[in-house]
Structure formats: C-alpha cells, structure tokens
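Thank you for making the time this morning. I would like to walk through one chain with you, going from the overall fold to a handful of individual residues.

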Amino acid sequence: MATWGYGNDNGPATWVKSFPVAAGTRQSPIDIVPTAAKCDTKLTENPLTVNYSPEPAMELCNPGLSVKANIKSKSVIKGGPLEGEYKLEQFHLHWGSADKQGSEHTLNGKMFPAELHLVHYNATKYSSFGEAVDKPDGLAVFGIFLKISDKPHQGLKSLTDVLSEVQYKDKSINIKQEYNPVCLLPDNINKYWTYLGSLTTPPLCESVTWIVFEEPIEVSEDQMKAFRALCCGECGSAPIVDNYRPPLPLGNRQLRASFQ
Ligand SMILES: NS(=O)(=O)c1c2ccccc2cc2ccccc12
Ligand SMILES: [Zn+2]
C-alpha cells in the first residue's frame, strides 16, 4: 500500500494488508463501557503523577494527517498502571469534519468531536522512543476527550491561534512563548480508564498502555474550525478531518477504572 490514510482506498479497513497486526488482540482504540470496567484499587494506591516541564520553543508541525507538537524538555509521568517513568515525546490530536465525530475512543458508543493524545515512552527501560515503540511496555498514551463549549481552551489557544502557520504538510513552527503541556490536562486526572492497546495509526504496534481520562477538556467551535482548516498536503489539498480509527474489539482484555 502506497501510503495509509483515512480515505476510502487507504483508510483503517485497508491497513491490515500492509500491517497484519491490525487484526491483533490488543488493538486501539476501543469503546469504553464504564459498567464493564473493573475498579482496581491498585491504581489509586500508587496514584498517577505528572511532572511536566515548560517547553522553551515548542515545535508544532503538520505531518499531513494530524498536527503534532514535539517535546524536548524532561516531562515525565509515573504511577497508576505504569512501572517506571515514562517521558513525554509528542502530542497530537484526532478530530472530525463535524462535532458529531472525531474521537478515536468512544464512551458507551458516543464519539466526541476530537481526542488529544500525549505520547510517552518508558524511559526507565528504554534509551529512546524509537527503541520503546514496539515493546509491550514501551509506551503510555494519555487520551483526553474534547467537548464543545462557548469558551476557548486557553492552553490550546496558543496552538490554535497559530495553526494557520502550519496549514500545509511538512510546515513547522516554534511556539514563541514557553509552553507547559500540563495546561492540556483535565482538572481531575485521578479518574481514568486504562487498558493495554496499540498505536491507532500504522505501524499499529501493540506497545501502548492507554490512560483515557473521564473528564474532557472544553474547546470552542472556532478552535475546532482551526483544526479543520489544516491541509493534508500543499495549498489546495484536502482538509485534515476525520483522522480517527474506529474502535476495535476489547476481546479478552480487562478494562480497569481508577474510580467507582
Ligand atoms: N494515535 S497514536 O497516539 O497511537 C500515535 C502514536 C502512538 C504512539 C507512538 C507514536 C505515535 C505516533 C502517532 C503519529 C500520528 C498520529 C498518531 C500517533
Ligand atoms: Zn493519536
């Protein structure tokens, strides 16, 4: 397959041709059914802790199928379902062409307009992201749902205000003001679901401990419009929208909850 994407001829249903693991037993995303989750007190005995640092000149880029911020500073997480310390590598988003769709994980079958992913790698066990990316305990990704409100999200505003400067594929800029990604997290990070899954894009490595927060962050319609104005290629190319993989079966996996 030339290049994978989200269109009819190269979308999620076709990925298995080049990436057989797409038919694997620990694929992501999944539909989160809270009543099917097992509340695990071990998750709260060792609370999830986030120690993010300000990023001096954060690089924001358009790789063509999402918008991505690359992190250089030492921002780490540990605890909860994680053994060891995981270092923030990048964050990116998935969004819809309309508010009724866009997230990858769903909640009781409901899609949110968008989903933010903060990608971390196991820096205790592996010396780089590249080494960790295909290991069963290599990665941890925060999944944060976005919902529409009449107020813009201040933390995301530093990014949505400059998305026009990375409108086309392979464009990148540095955010002038220092930026601490902690501003992207919901207020309550003690309520989350966690399960063993995969990257949601090729190569779909089954290497991710997913941590999906119950509390969404709130963004404005104008901020959603800014994401939908990003282009897949150069001037005149199609907008980046509906860059989400639909949910896969949970199968024999246990979905755990950090709360009742
Ligand atoms: N959607 S995703 O978080 O699975 C994901 C990654 C996950 C782990 C490691 C690297 C990843 C790179 C991605 C690049 C673009 C979109 C999703 C990506
Ligand atoms: Zn993602």
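Before I come to any residue, let me fix one term: a residue is called buried when its relative accessible area is under 20%, exposed when that area is over 50%, and partly exposed in between. Please also keep in mind throughout that what you see is a predicted model.

With that term in hand, let me start with Glu221, which is found in helix H5. Its relative accessible area is 23%, and therefore Glu221 is partly exposed. Leaving aside residues up to four places away in sequence, Glu221 touches Asp99, Ile148, Ser149 and Arg228. Tyr168, by comparison, is 53 residues from Glu221 in sequence, and the two C-alpha atoms are 21 Å apart in space.

Staying with helix H5, which spans residues 221-228, the buried residues there are Gln223, Met224, Ala226, Phe227 and Arg228. What covers these buried residues of H5? The cover includes strand E7 (86-95), strand E9 (114-122) and strand E10 (139-148), together with helix H4 (154-160) and strand E14 (217-219).

Let me now step back to the whole chain. The model has five helices and 15 strands, and its C-alpha atoms fill a box of roughly 50 × 40 × 40 Å along the principal axes. For 260 residues, a compact globule would be expected to have a radius of gyration near 18 Å, and the chain, at 17 Å, agrees with that expectation. Of those 260 residues, 51% count as buried. If we consider contacts between residues at least 6 apart in sequence, 71% of them join residues at least 24 apart.

As for the surface, the chain exposes about 11,500 Å², and 54% of that is supplied by carbon and sulfur atoms. There are 25 positive and 29 negative side chains, and the centres of the two sets lie 2 Å apart.

Next, the loop that follows H5. Tyr244 lies in the loop between H5 and strand E15 (256-257), and Asp242 lies in the loop between H5 and E15 as well. Is Tyr244 buried or exposed? With a relative accessible area of 15%, Tyr244 is buried. The residues that Tyr244 touches, not counting those up to four places away in sequence, are Tyr6, Pro12, His94, Trp95, Gln101, Gly102, Ser103, Glu104 and Met111. Lys74 is a contrasting reference point, 170 residues from Tyr244 in sequence and 29 Å from it in space, C-alpha to C-alpha.

Asp242 brings us to backbone geometry, since its phi is near 55°, a positive value in a residue other than glycine. Asp170 is another such case, with phi near 70°. Asp170 lies in the loop between H4 and strand E11 (172-174), and at a relative accessible area of 60% Asp170 is exposed.

Two peptide bonds also deserve a look. Ser28 and Pro29 are joined by a cis peptide bond with omega about 0°, and Pro29 has its place in the loop between helix H1 (15-18) and strand E1 (31-32). Pro202 and Pro203 are likewise joined by a cis peptide bond, here with omega about 10°, and Pro203 is found in the loop between strand E12 (192-197) and strand E13 (208-213).

Strand E12 is also the place of Gly197, which counts as buried because its relative accessibility is 0%. Gly197 touches Arg26, Ser28, Cys205, Glu206, Ser207, Val208, Trp210 and Arg253, again not counting residues up to four places away in sequence. From Gly197 to Thr209 the separation is twelve residues in sequence and 6.0 Å in space, C-alpha to C-alpha.

Finally, the cysteines. How many disulfides does a search of the whole structure find? The search finds zero. Cys61 is in no disulfide, and the nearest cysteine sulfur, that of Cys232, is 14 Å away. Cys61 is nonetheless buried, with a relative accessible area of 12%. Why is Cys231 not bonded to Cys235? The sulfur of Cys231 is 7.2 Å from that of Cys235, its closest cysteine sulfur, and this is too far for a bond, given that a disulfide calls for two cysteine sulfur atoms within 2.5 Å. Cys231 is also buried, with a relative accessible area of 7%.

Terms used
Residues are numbered from 1 along each chain as its sequence is written. Chains are lettered from A and ligands numbered from 1 in the order in which they are written. This is a predicted model: local features need pLDDT of at least 70, side-chain atom pairs count only at pLDDT 80 or more; totals for chains, interfaces and linings use all residues. Side-chain values use heavy atoms; hydrogens and water are left out. Helices (H or I, at least four residues) and strands (E, at least two) are DSSP runs, numbered from the N terminus. The radius of gyration is taken over C-alpha atoms; the globule rule is 2.2 Å times the number of residues to the power 0.38. Buried means under 20% relative accessible area, exposed over 50%, partly exposed in between (1.4 Å probe, protein chains only). Contact means heavy atoms within 4.5 Å. Accessible areas come from the Shrake-Rupley method with a 1.4 Å probe; for residues, only the protein chains shown count as cover. Lys and Arg count as positive and Asp and Glu as negative; His and the chain ends are not counted. The place of a charge is taken as NZ of Lys, CZ of Arg, CG of Asp or CD of Glu.
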